[in-house]
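Got your viewer open? Let's take a short walk through the model, one selection at a time.

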Amino acid sequence: MKRLREWDRKILFKIHGLQNPKLNRVFVLITRLGDGCCIWIVIGILLLAIPSRRLQGFWMFVVIAICALINNILIKSCFLRNRPCDTFSKEILIRRPIGSSFPSGHTATSFAGALYLCSIDYRFGIVAMLLAGAISFSRMYLFVHYPSDVLFGIISGLGITFVLLHFIL
């Protein structure tokens, strides 16, 4: 566990060292796309608006909701990990997120939404995966998640969606 904490700290501070005014604005905007699953909800609404894609829009909401529930309610309540901005008393560029740090809910739901989109159309899915990666990186850049929070969020979001795609949807 000590090695993981050291790895987290080392990578986090390297990422934090990249901060500058232009990147700050970019990553604040990117992270806001993941706030409340906003971008994934918008994509779900767009799918619902296309008659031939309505069922896929519905399932997009189901995937995101299940992933958010498992990560943000169940897992976070088990770990209660302090956020890096609290541990290291750093001022951050966004309002402090509610709840604990582990796992990253933004990351989990972003990768869940992106993988679901890959299952619909890999071209859109690849773009969504890049967006999910940017949202995930923004959480470390903004000093609200450790790298291990993000890594587990990726694994969790992909894993939950994989199970849903293969056994339920």
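Is Thr161 buried or exposed? Select Thr161 and look: it is buried, with a relative accessible area of 0%. Here buried means under 20% relative accessible area, exposed means over 50%, and partly exposed is in between (1.4 Å probe, protein chains only).

Before moving on, some ground rules. This is a predicted model, where local features need pLDDT of at least 70 and side-chain atom pairs count only at pLDDT 80 or more, while totals for chains, interfaces and linings use all residues. Residues are numbered from 1 along each chain as its sequence is written, and side-chain values use heavy atoms, with hydrogens and water left out.

**Stop one: around Thr161**

Thr161 sits in helix H8, residues 147–167. Helices are DSSP runs (H or I, at least four residues), numbered from the N terminus. Now show what touches Thr161: leaving aside its neighbours within four places in sequence, it is in contact with Val63, Ala112, Leu115 and Tyr116. Contact means heavy atoms within 4.5 Å.

**Stop two: H6**

Next, select helix H6, residues 105–120. H6 has 16 residues and runs 23 Å from its first C-alpha to its last, close to the 22 Å expected at 1.5 Å a residue. That expected span is 1.5 Å times one less than the number of residues. Why is H6 largely enclosed by the rest of the structure? Because 12 of its 16 residues are buried. Among them are Ala112 and Tyr116, both of which you just met as contacts of Thr161. To see the cover over the buried residues of H6, turn on helix H2 (21–34), helix H3 (38–49), H4, H7 and H8, which are included in it.

Step back to the loop between helix H5 (84–87) and H6, where you'll find Pro103. Zoom in on the link between Phe102 and Pro103: it is a cis peptide bond, with omega about -5 degrees.

**Stop three: H4 and what follows**

Select helix H4, residues 54–79. Its 26 residues should span 38 Å at 1.5 Å a residue, and the end C-alpha atoms are 37 Å apart, which agrees. The buried residues of H4 include Val63, Cys67 and Ile75, and the buried set packs against H3, H6 and H8.

H4 is followed by Leu80, in the loop between H4 and H5. Check its backbone: phi is positive, about 50 degrees, although Leu80 is not a glycine. At 61% relative accessibility, Leu80 counts as exposed.

For a second positive phi, jump to Phe143, in the loop between helix H7 (122–141) and H8. Phi of Phe143 is near 70 degrees, and this too is a residue other than glycine. Phe143, however, is buried, with a relative accessible area of 0%.

**Last stop: the cysteines**

How many disulfides does the structure hold? Zero. A disulfide is a covalent bond between the sulfur atoms of two cysteines; the cut-off used here is a pair of cysteine sulfur atoms within 2.5 Å.

Try two cysteines to see why. The sulfur of Cys78 is 15 Å from the closest cysteine sulfur, in Cys67, so that gap is too far for a bond. Cys78 is exposed, with a relative accessible area of 61%. For Cys85, the closest cysteine sulfur is in Cys37, 20 Å away and again too far for a bond. Cys85 counts as buried, at 5% relative accessibility.

Note on methods: Helix = DSSP H or I, 4+ residues; strand = E, 2+ residues; numbered from the N terminus.
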